Amino acid sequence: MHIHSREGIALSVAAEKIEPVTQAHVELGEICYHDYRGVIFNPEDKEPLIRDFPAPSKTLIMRNHGLLTGGKTIEEAFNIMFFLHQVCQCYVDCGYTHSPVPPSNLIKQDIIDSSLLGADECRYDTATGVQEF
């Protein structure tokens, strides 16, 4: 899924790296970044994008452009985009695009790691489209 939301574009331009400041960030897993190289017209122009968005990552910030997510299903890609967009909104609303995130506002890595341990078990049943916990 690919969008050009106001907050997503602002973050793709202003933030060097998204730091974990909200619970929504924990849902994203590894966030990849792709430097803007212009509009992709030729097949060989796709290689840097493919390299910058390796599996199993499902979240890509396209610098100076927008947001891209993937998933095993459309529902998964949509939900990841929903959480990514929430993080972008938080960054813009809190002014973090203009100044560094205070270290005290970062989610500690051990909390992120423990939250992600069961992430695959808290996804969507592809047969019914229902979120399971």
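Colour the protein chain by secondary structure and follow it from the N terminus: the elements run β-α-α-β-α-β-β-α-α-β-β. That gives five helices and six strands. Keep in mind that this is a predicted model. Of the 133 residues in the protein chain, buried ones make up 38%. Among contacts with a separation of 6 or more, 61% are between residues 24 or more positions apart.

**The sheet**

Select residues 2-3, 31-34, 59-62 and 66-69, which are S1, S2, S3 and S4. These belong to an open sheet of four strands in the order S1-S4-S3-S2, and the pairing is mixed. S1 and S2 stand at the edges with a single partner strand each, so each has one side without a neighbour in the sheet. Strands of a sheet pair through backbone hydrogen bonds, either parallel or antiparallel.

Zoom in on S2 and S3. The two run parallel and are joined by four bridges. Show Cys32 here: the residue opposite, in S3, is Leu60.

Next, add residues 74-94, helix H4. Which strands does H4 touch? The helix packs on the sheet with contacts to S1, S3 and S4. Looking along S4, note that the direction of H4 makes about 150 degrees with that of the strand.

**The second largest pocket**

Move on to Lys17, Ile18, Pro20, His25 and Gln109. Of the 13 residues that line the second largest pocket, these lie nearest its centre. The elements that give two or more residues to this lining are helix H2 (23-26), S2 and helix H5 (109-117). Select H5 to see the largest share of the lining, three residues.

How much space lies in this pocket? The volume is about 200 Å³. Rolling a probe the size of a water molecule over the atoms shows where empty space is left. Colour the lining by residue class: seven residues are nonpolar, three polar and three charged.

**Thr22**

Finish at Thr22, in the loop between helix H1 (6-14) and H2. Is Thr22 buried or exposed? Its relative accessible area is 17%, so Thr22 counts as buried, the cut-off being under 20%. To see what surrounds the residue, display Val87, Cys90 and Ile107; Thr22 touches these three, leaving aside residues up to four places away in sequence.

Technical notes:
Residues are numbered from 1 along each chain as its sequence is written. This is a predicted model: local features need pLDDT of at least 70, side-chain atom pairs count only at pLDDT 80 or more; totals for chains, interfaces and linings use all residues. Side-chain values use heavy atoms; hydrogens and water are left out. Two strands pair if DSSP finds at least two bridges between them. Contact means heavy atoms within 4.5 Å. Axes are lines fitted to C-alpha atoms, for helices over the stretch in contact, and angles run from 0 to 180 degrees between N-to-C directions. On a 1 Å grid over the protein atoms alone, a cavity is a set of points where a 1.4 Å probe fits but cannot get out, and a pocket is an open set with protein on both sides within 12 Å along at least five of seven lines; lining residues have an atom within 4 Å of a point. Grid points are joined across faces, edges and corners, and a volume is the space filled by probe spheres set on the points. Ala, Val, Leu, Ile, Met, Phe, Trp, Tyr, Cys and Pro count as nonpolar, Asp, Glu, Lys and Arg as charged, and the others, Gly among them, as polar. Buried means under 20% relative accessible area, exposed over 50%, partly exposed in between (1.4 Å probe, protein chains only).
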